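Here is a friendly walk through a small set of computed features. Please keep the viewer open while you read.

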Amino acid sequence: MPIIVNLDVMMAKRKISAGELAERIEITPANLSILKNNKAKAIRFSTLEAICKALDCQPGDVLAYTPDEEST
């Protein structure tokens, strides 16, 4: 998938654990793990907003676009 989730990078910069972030944004640790490991098929804007608030960042700090080889 050409969308990459860089949640680990932002969490490391903010020195926040997965458990603490999951609690702050009110999702389960399992769902946060799915996001962190690029296994999610979608993300709600409300979840993205909560992540950005908790990590004091912009959506572009968490998400990146990398074109597929096939689409170029």
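The report below goes through two helices, a helix pair, the cysteines and the backbone angles.

**Ground rules**

This is a predicted model, in which local features need pLDDT of at least 70, side-chain atom pairs count only at pLDDT 80 or more, and totals for chains, interfaces and linings use all residues. Residues are numbered from 1 along each chain as its sequence is written, and side-chain values use heavy atoms, with hydrogens and water left out.

**Helix α4**

Let's start with α4, which spans residues 45-55. Helices here are DSSP runs (H or I, at least four residues), strands are runs of E with at least two residues, and both are numbered from the N terminus. The buried residues of α4 are T47, L48, I51, C52, A54 and L55. They lie on the same side of α4 because they cover an arc of only 165° around the axis; the arc is that of the directions from the helix axis to the C-beta atoms. Buried stands for under 20% relative accessible area, exposed for over 50%, and partly exposed for values in between (1.4 Å probe, protein chains only). On the other side of α4, F45 and K53 are exposed.

What do the buried residues of α4 pack against? Their partners are α1 (7-14), α2 (18-25), α3 (29-36), α5 (59-62) and β2 (63-65). Contact requires heavy atoms within 4.5 Å.

Two residues of α4 give a closer view of this packing. T47 is buried, with a relative accessible area of 16%, and it touches I27 and L35, not counting residues up to four places away in sequence. A54, leaving aside its neighbours within four places in sequence, is in contact with L21, R24 and I25.

A54 is also a handy reference point for C-alpha distances. The C-alpha atoms of A54 and D68 are separated by 30 Å, with their positions 14 residues apart along the chain. E23 and A54 are 31 residues apart along the chain, and their C-alpha atoms are separated by 10 Å. E23 has its place in helix α2 and is exposed, with a relative accessible area of 66%.

**Helix α1 and its crossing with α3**

In α1, the buried residues are L7, M10 and M11. These residues sit on the same side of α1 because they cover an arc of only 100° around the axis. A12 and K13 are exposed on the other side of α1. The buried residues of α1 pack against β1 (3-5), α2, α3, α4 and α5.

Two packed helices are described by the angle between their axes and the distance between the axes. The axes of α1 and α3 come within 9 Å and cross at roughly 115°. Axes are lines fitted to C-alpha atoms, for helices over the stretch in contact, and angles run from 0 to 180 degrees between N-to-C directions. That makes α1 roughly perpendicular to α3; angles under 35 degrees count as roughly parallel, over 145 as roughly antiparallel, 65 to 115 as roughly perpendicular and the rest as oblique. L7, D8 and M11 of α1 make the contact with L32, L35 and K36 of α3.

**The cysteines**

How many disulfides are there? The count comes to zero, taking a disulfide as a pair of cysteine sulfur atoms within 2.5 Å. The sulfur of C52 has its closest cysteine sulfur in C57, 4.3 Å away, so the two are too far for a bond. Both cysteines are buried: C52 has a relative accessible area of 11%, and C57 has one of 8%.

**Positive phi angles**

Most residues other than glycine have a negative phi. The table gathers residues with a positive phi.

| Residue | Phi | Place |
|---|---|---|
| K15 | about 55° | just after α1 |
| E26 | about 60° | loop between α2 and α3 |
| N38 | near 55° | loop between α3 and α4 |
| D56 | about 50° | just after α4 |

Are the loop residues E26 and N38 buried, partly exposed or exposed? E26 is exposed, with a relative accessible area of 72%, whereas N38 counts as partly exposed at 37% relative accessibility.
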